[in-house]
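Open the structure in your viewer and keep the sequence panel at hand. We will go from one selection to the next.

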Protein chains: 2
Amino acid sequence: MQRICVDMDEVMADTLAEHLRRYNQAFDEAITPEDLAGKGLWQYTPVERQQQLRAFIDAEDFFEDLPLIAGAQDVLRSLSARFEIFIASQAMVVPNSLGPKYRWLQRHFSFIPPSHYVFCGDKSILLADYLIDDQPRNLRQFKGQGLLFTAPHNLPETEFVRVNSWPEVAAYFAAVAS
Amino acid sequence: MQRICVDMDEVMADTLAEHLRRYNQAFDEAITPEDLAGKGLWQYTPVERQQQLRAFIDAEDFFEDLPLIAGAQDVLRSLSARFEIFIASQAMVVPNSLGPKYRWLQRHFSFIPPSHYVFCGDKSILLADYLIDDQPRNLRQFKGQGLLFTAPHNLPETEFVRVNSWPEVAAYFAAVAS
């Protein structure tokens, strides 16, 4: 059985939506994901707000209740019949996210056992056939086949096989032997 | 550069010492590591105490201040010049350990970057040349060369290359190309 690793932030969980919600509320702005085409919120944010931008994601409750990316649950449930599914999250950059991420996965993806969660940093450590990730850097480190999951910040990226949505992920793997 | 993964509990951190300390205190016993030759504390403990045994490690503070296994710091610091060192801990079985384990590593092994921490379950996910681990089950899952780090519970095990101490780990890798 082939093995698929799946990134969490901006692939399974809509981290950007929550980050924008807190940003817009704090600074009385109305930035949308469309405003961020080709750049991360980090590049978009003025220097004097960077510290606060980081404080949002360091907050104990930031990762507790993130909205789901549409289709993630259904497609992963279906893929888990044909593939070994592992979650691979770069959680070490935000240590406060470790507990909340564990609880979020249990709540929304109870069909994936905790033994298949991997909280890591450098994704070259993953021994898997596929990695679905929104970060080009992670896909460059990964030794298997990478799939770039579309997010506003990675729109200009042309280096990888791209999947724009969970239905596109389903279509990609429908054509692949498991 | 070859890559070595290192388990935490009973390899870098003396988890058993802390578990025995709490057990002996709670039940007014004087069990030593020597009493546990060939079995884990789990097999040793009467059924009516199993729930409490689990509660010890689920406590928020259990993993915060574990003693170091002798030699772990010096040998890993030295090996990190010749090998890529990753920490690979089966932290998902005790979710409360995630934060404490992160902090413990930062405090005692500051020369290993957090991007090289891996909190996982099934160690077949690790892409590495070596794994130093006290659990035969983890070494069976791992795809590279396993080294069994001696702990009381694994004394009867004969299936793996055994290292009895950190000086023996140093000696093993002194004879290996990096």
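**First stop: a helix in chain A**

Select α7 of chain A, residues 166-174, and show side chains. A:Trp166, A:Val169 and A:Phe173 are the ones to colour as buried. Now look down the helix axis. The buried residues of α7(A) fall within an arc of 50 degrees, so they line one face of the helix. An α-helix has 3.6 residues a turn, so residues three or four places apart point the same way. Turn to the other side of α7(A): A:Ala171 and A:Ala174 are exposed there. What do the buried residues of α7(A) pack against? Select α4 (72-79), β4 (130-133) and β6 (161-163) of chain A to see these partners. Bear in mind throughout that this is a predicted model.

**Second stop: a helix in chain B**

Move to chain B and pick α4, residues 72-79. Its buried residues include B:Ala72, B:Val75 and B:Leu76. Viewed along the axis of α4(B), the buried residues span an arc of 95 degrees or less, so one face of the helix is lined by them. Add β1 (3-6), β2 (84-89) and α7 (166-174) of chain B, which are among the elements covering those buried residues.

**Third stop: strands of chain B**

Keep β2(B) selected. Is this strand mostly covered or mostly open? It is mostly covered, with five of six residues in β2(B) buried. Follow its pairings next. β1(B) and β2(B) run parallel and are joined by four bridges. To find this pairing, select B:Arg3, whose bridge partner in β2(B) is B:Glu84. β3 of chain B, residues 117-119, also pairs with β2(B) in the parallel sense, over three bridges. Here, select B:Ile87 and its bridge partner in β3(B), B:Tyr117.

**Fourth stop: the nonpolar core**

Show both chains again. The largest nonpolar core has 88 residues. Which of them touch the most other members? They are A:Val6, A:Val118, B:Val6 and B:Val118. Centre the view on A:Val6. Leaving out residues up to four places away in sequence, A:Val6 touches A:Val11, A:Met12, A:Leu76, A:Ile85, A:Ile87, A:Ala88 and A:Ile132.

**Fifth stop: where the chains meet**

Select the contact between the chains. Chain A gives 21 residues and chain B gives 21 residues. On the chain A side, α5 (98-108) and β3 (117-119) each supply at least two residues. That side of chain A divides into 14 nonpolar, five polar and two charged residues.

**Sixth stop: the domains of chain A**

Colour chain A by domain. Domain 1 covers 3-14 + 65-174, and domain 2 covers 15-58. Their C-alpha centres lie 22 Å apart. Domain 1 of chain A puts 13 residues into the contact, and domain 2 of chain A puts in twelve residues. On the side of domain 1 that touches domain 2, there are eight nonpolar, two polar and three charged residues.

**Last stop: an unusual backbone angle**

Select A:Asp28, in the loop between α1 (15-27) and α2 (41-44) of chain A. What is its phi? Phi of A:Asp28 is near 55 degrees, a positive value in a residue other than glycine. A:Asp28 is exposed, because just 6 other C-beta atoms lie within 10 Å. Then jump to B:Asp28, in the loop between α1 (15-27) and α2 (41-44) of chain B. Phi of B:Asp28 is near 50 degrees, again positive in a residue other than glycine. B:Asp28 has 6 C-beta neighbours inside 10 Å, so it counts as exposed.

Notes
Residues numbered from 1 in each chain as written. Chains lettered and ligands numbered in written order. Predicted model: local features only at pLDDT ≥ 70, side-chain atom pairs only at ≥ 80, totals over all residues. Contact = placed C-beta atoms within 7 Å. Nonpolar A, V, L, I, M, F, W, Y, C, P; charged D, E, K, R; others polar. Buried ≥ 20, exposed ≤ 12 C-beta atoms within 10 Å, placed from the backbone. Arc of directions from axis to C-beta. Core = buried A, V, L, I, M, F, W, Y, C linked by C-beta atoms within 7 Å. Domains from an automatic or database assignment. Pairing = 2+ DSSP bridges.
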